[in-house]
Amino acid sequence: MKPPPSPLKLQHVGLRGGRLADVLRFFEGVLDLRHVETVASAGAGLPFGICFFRATNLHHDVAVEIWPEGAPSGDSPRMFPHIAFEVPDREVLMAWHRHLKENGGEIVPPMSGDGGPVVFSPTHPEGIGQPGENRAFFFRDPFGNRYEFFCDMAEMTEDNEIDPEWNRERMKRDGYPAG
Ligand SMILES: [Fe+2]
């Protein structure tokens with residue numbers, strides 16, 4: 001019952017959104033966040049895309065649903081919105097996965113074939129094709145709130161690219177030869 005001995009750091013939020021132009025107008029134009037990239041599909045069978053924004057050197061601090069033209073926009077309170085906690089490494093991530101599964105956290109998609117974390121990456125050997133590079137799992141608390149726990153989110157350069165030095169270190173940590 002005792003949780004893994006790690007400070008949890010609140011890192012990003014996933015929010016409801018709408019049409020891409022409206023989302024860009026508000027999050028970029030009004031909140032002055034930097035647009036990182038937009039994917040047409042959130043994956044895991046979810047019927048919307050995701051627009052990523054950042055205020056720091058990490059890949060995203062805010063992720064927003066993008067609903068295609070003609071789709072019934074925005075009514076997905078149990079599908080995407082989440083808060084994300086960062087943990088220091090894979091071992092702590094797995095310790096939290098076990099702890100939550102055993103103590104009332106309902107693990108929810110996206111998940112790997114054995115119900116474990118996924119790697120959001122178009123290039124990592126374990127990647128599921130989505131951006132962000134973070135290794136993550138999702139769960140709901142007993143009240144229906146959705147959370148992400150993750151480690152290893154991509155660090156970005158000034159040019160909005162994944163920092164190659166960060167990527168080399170991450171691949172080494174994950175046991176793959178640097179590309
Ligand atoms: Fe997230």
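Which residue follows α3, and what is the sign of its phi? In this predicted model, α3 is followed by Gly175, and the phi of Gly175 is positive, near 85°. The helix itself, spanning residues 164-173, is hardly covered, with one buried residue among its ten. It is a handy place to start a tour of the chain, since the sequence pattern also ends on a helix.

Stepping back to the overall architecture, the chain comprises three helices and nine strands. Their order along the sequence is β-α-β-β-β-β-α-β-β-β-β-α. The radius of gyration comes to 16 Å, close to the 16 Å that the globule rule gives for 179 residues, so the chain is as compact as a globular protein of that length. Taken along the principal axes, the box filled by the C-alpha atoms is roughly 45 × 40 × 30 Å. Of the 179 residues, 28% are buried. Contacts were also examined by sequence separation: among those with a separation of 6 or more, 53% are between residues 24 or more positions apart.

The backbone offers a few details worth a closer look. As a general background, most peptide bonds are trans, and most residues other than glycine have a negative phi. Against this background, the peptide bond joining Pro109 and Pro110 is cis, with omega at about 0°. Pro110 belongs to the loop that runs between β6 (106-108) and β7 (118-119).

Positive phi values turn up at two residues other than glycine, and both deserve a friendly introduction. Glu133 has a phi near 70° and sits in the loop between β7 and β8, the latter covering residues 135-140. What is the surrounding of Glu133, buried or exposed? The cut-off for a buried residue is 20 or more other C-beta atoms within 10 Å; Glu133 has 24 and is therefore buried.

Asp152 has a phi near 65°. This residue lies in the loop between β9 (146-151) and α3 (164-173), which brings the account back to the helix where it began. How many other C-beta atoms lie within 10 Å of Asp152? The count is 25, so Asp152 is buried as well. Along this part of the chain, then, a buried loop residue with positive phi, Asp152, is found in the loop leading to α3, a helix with one buried residue among its ten, and Gly175, again with a positive phi, follows that helix.

Definitions and conventions
Residues are numbered from 1 along each chain as its sequence is written. This is a predicted model: local features need pLDDT of at least 70, side-chain atom pairs count only at pLDDT 80 or more; totals for chains, interfaces and linings use all residues. Helices (H or I, at least four residues) and strands (E, at least two) are DSSP runs, numbered from the N terminus. The radius of gyration is taken over C-alpha atoms; the globule rule is 2.2 Å times the number of residues to the power 0.38. A residue is buried if 20 or more other C-beta atoms lie within 10 Å of its own, exposed if 12 or fewer, and partly exposed in between; C-beta atoms are placed from the backbone. Two residues are in contact if their C-beta atoms, placed from the backbone, lie within 7 Å.
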